[in-house]
Amino acid sequence: MNFAIEVPAEANPLTDQTLFQVLRSASSNDQQQVKSGAQQLQNWEKSPDFYNSLQSLLLNTSLPFEVRYLSVIQLKNGIDKYWRKTAANAIKKDEKDSIRSRSLESGINEPDRRLALQISIVIAKITRYEYPHDWPDVLDSILEHLQPSLGRTLKPLPLSRTLLILLYIVKELSTAKLQRSRASFQSAAPNIIKAVGNIYIGRVKTWITFLTIGGDDEGGALESIEISLLALQVLRRLIVSGYEFPNRHIEIRDIWGILVSHFGQMLTLVHGGSSLLGANPRKLIESHLIQISKLHVNTVQSHPAGYALLPDSTGLAKAYWGLARQFGETLGSQTPKPSAELGSDGDAREDDGPSTMEKLTLKGLLLIRACLRMVFNPVQTFKYQKEEDKEERKTSKELMKSDLLSGEFAREMMETLVTRFFVFTARDLREWEEEPDEWEKTQEGSGSDWEFSVRSCSEKLFLDLMINYKDMLMQPLLTVFRNVATVQNTEILLKDSIYAAIGLAAPVLEHNLDFDFGSFLENTLVQEVQIQQPGYNILRRRAAVILGQWLPVKEGLNRALVYQIFQHLLDKGNQMNDQVVRVTTGRQLRNVIDPFEFTAEPFMPHVPNILGRLMALIQEVELPDTKMALLNTISVIVTKMEQHISPFADQIISLLPPLWDQAGEEYLMKQSILGILSALATSMQAESRRYHPLIIPLIQSSIEPSSESRVYLLEDALELWSTVLGQTPTPASSEIVSLVPYLFPMFEVGSETLRKALEITELYIYLIPSEFITSAALILDAFGLLLGAVKPEASGTVTNLVELLIRSADRLGGVSAVGALTQSMVSSNLLSTLLSALHNAYLAHQTTGPNRTRPSIDGVIETDYLNICARLSVASPSILISGLEAALQKSEMNGSNHQDRVFEWLLAEWFSHMDSIGHPAHKKLNCLALTSFLETGQPWILSHLQSLMTVWTDVITEIVVDVSLEEGKVDYQDSLVYNDLNAQRPEGPEAPADERRRVLDFEDPVHRIDVRVYIREKLAIAVEKCGGMEVFQREWVQNVDEDVVRAFGALGVV
């Protein structure tokens, strides 16, 4: 019976039989059954005893392999999702205990290798969660299973499976972060090392004896090789992760010495060509060599001082260098051969990957580089170091310097690296011809790829040597270079390797007075890139690379000549410029253009040809990564050319639509295209408007909520949208306005796009203020939900946008427009949210002592909220008063809503907060707002006359300065008042958005109103409404402290 239609878990009870049927359906070849079975398994995931039942089926060896395999996969996934105690629908303790109790035996006795591997992973994952708290004896149990092997009573299969389980447990525990888990793991490590070490030593002895002397038990020898490899893998991870200071433990020192000895014996066996060594044993022995070399490299990287103090560590490093030098003898040749001749060279064979010798050479280079870093660039740590630790570090550095890293050894390494490892091999040249795209990409060596390539790693090692031994190595390198770097010399591969060294050493050689790269460029390199002879494409590629390395670090080079060389190397019509040469040139051009000292004028004559050839090359290459690298070069050209790119913009734009269509689901490519459009818009500024019909649909398709590409392109599309808005002149096109509705879904609390959405909103308010003021209710509804629910930084952006709306409304429609906007602020609850937060702050500030109440908003946000009130009040105090009254009707604040009562606490909080406002413009704005209330003539403001005078004195003293340039004369001016619109204009080109911002800032009351004149005018209105100066003096001024009056009067405002 097949469950072709899935049903809820409660409708299809979980039993071993039904589970078996579902698993059989889910592992069948019928897609419908697979789909229905998978759905039913998902429905059962949270059912009690589900994972216990899966394990029961797994343990039943009579069931089909497919069912058992799917069972263990489901069990493994379930452990990831539900084993943690804190996980939703976590597996119950009883079920966990049952699974755990049966797991070890199931793994140790599993005959199928594939299932044994998955069971080992399951056990390791459980151990990661349970050890040492809930499963403290797991490692002891495993050791018990290993002990009988010492007396040869344990069969090979259980031993192999036990080691496999232990290997994955050690892998998991090696990544543990909790101190308790790490401490328990490290305390168990010595016992494991002893048991596994004995197994390894015994098994290696068995198969080495068989391979050297012979015997009858060939099957037993092969089993011993497999078991010793597993044991070695366990030892490698334990030595690296199970000890803080491996060199201090006798068992590690012992096993280390044994492994070093075995490494030599195994290497002899592999290269000795024993008649008893078949293909499979050879492969397993080579795996032993790789594992031991990984141990050496991992140890020196994780425990540099420990490695140096382990037995014969410097001798080991020298032995690795001996291997590397031996391998180097097989590399390269002095002249490139045509592809037809490459088949005879073993280096060009089509094989499964790097040879064992190449892998060991790579490990040796990594090890020596780690030794160099140990001495010259040791890892710094904040971890407390005991005196013993410091002494060990010091001793290890001295040991490495004296016994390994001598100047003579450094020179030998440098010479070998340059003359052997930098030379292209026959395989390189063959791949250059047959797979140019792929080969060129591998030569890029960016990121951490260098750790997996002999040539890339040798380049890193060479640079380390040049930096740390520059005084000793510089002259020998330059001597070889001068002998080789002549146009008459036709040893192309040798030349290429020497040029590679000179390029890599650019940061070291740039200040060397004995080396003139400019002369080499003008007298040698420029001639060599024009030679039309076989093999010179190699030097053309190297010319592009070396120029890309030297231009960023060396000033004063003939850039015009460099641009001619790059233009020449990109010419497809020249047969020497094959695809590798042109792609490398395209990549390296970015490094030539990007430096700070680049100027557009010398590059202008070459732009049409270079851009045309780059764009043709993008169409020619097939790898998306290569296309993106070339697009990145074009993007850098656009950025660095700035407004000078305009004549070539159409040429660039014509390339992008077909590329976008070809990209399909290659979203990284589309991100690059959006990046180029953004760079074009920035460089062309207002002229980029003519490309809106192309750009706007791309933005829209990338930000639509239903778009599949949104998750990949949203960030780049928003950046482009922001750039386009910033460069769009007034009036805005209908296309750019049509994107506004896509903003509102982004105003969600916690949205990753919120910051950028708010930035775009600001640009829109500057661009189309009337449209935003007309539909203010919609945007203020979103802002009302954000206030109090987002971080202070985002809250500040929201309040700044509200201020911007108020300023724009005041500018476009005066008091009536501000009044309508205020009504929208009331209806959206934004004003009531703001008022409630200010009232909460007032109440909190009335409390004192250790148990005082903390306000719901901090001081910065309170300033932002008061700024909004101030903007409304400066526009019209009556609008703010009516708005607050309406907001109070909608708020849940306690107490009377009477105007006097509201302003009693609001003004008290406002005045008390003035000292906390740091920005002079904000302080002046709030001063103007408080002063504007005087025109009401109401007692609730006049009773605060002393506070007002204190604020006036403080603000005027801060912002009114003497601008007179004549001695003996004074001319006090409000320093925040702008008198010239163009005074703030930049010297260079100004983006349209910056111009709009500058104009609106110029009309800001903070920058148009002289604070002294404003105070004088509002005081005159208040005096008049009180019935004259005499009444004003008697009823209000006499209540002001004399010192406050005197200080204010000294300012000469009235």
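UniProt positions are given here in the numbering used for this model, and such annotations may be inferred rather than shown by experiment. With that in mind, the unreviewed UniProt entry places "domain: Importin N-terminal" at residues 37–109. In this predicted model, that span is 71% helix and 0% strand, and its end C-alpha atoms lie 29 Å apart.

Now for the whole protein chain. DSSP gives it 52 helices and two strands. The C-alpha atoms fill a box of roughly 125 × 85 × 65 Å along the principal axes. Of the 1054 residues, 53% are buried. As for contacts with a separation of 6 or more, 75% of them join residues 24 or more positions apart.

Here are the surface and charge figures for the chain:

| Item | Value |
|---|---|
| Accessible surface of the protein chain | about 47,100 Å² |
| Share of that surface from carbon and sulfur atoms | 49% |
| Positive charges in the protein chain | 99 charges |
| Negative charges in the protein chain | 132 charges |
| Distance between the mean positions of the two charge sets | 6 Å |

One helix to pick out is α43, covering residues 877–890. How far apart should the ends of its 14 residues be? At 1.5 Å a residue, helix α43 should span 20 Å, and its end C-alpha atoms are indeed 20 Å apart, so the two values agree.

Which residues of α43 are buried? Leucines L880, L884 and L888 are among them, along with isoleucines I879 and I881. P877, G883 and A887 are buried in α43 too.

Technical notes. Residues are numbered from 1 along each chain as its sequence is written. This is a predicted model: local features need pLDDT of at least 70, side-chain atom pairs count only at pLDDT 80 or more; totals for chains, interfaces and linings use all residues. Side-chain values use heavy atoms; hydrogens and water are left out. Helices (H or I, at least four residues) and strands (E, at least two) are DSSP runs, numbered from the N terminus. Buried means under 20% relative accessible area, exposed over 50%, partly exposed in between (1.4 Å probe, protein chains only). Contact means heavy atoms within 4.5 Å. Accessible areas come from the Shrake-Rupley method with a 1.4 Å probe; for residues, only the protein chains shown count as cover. Lys and Arg count as positive and Asp and Glu as negative; His and the chain ends are not counted. The place of a charge is taken as NZ of Lys, CZ of Arg, CG of Asp or CD of Glu. The expected span of a helix is 1.5 Å times one less than its number of residues.
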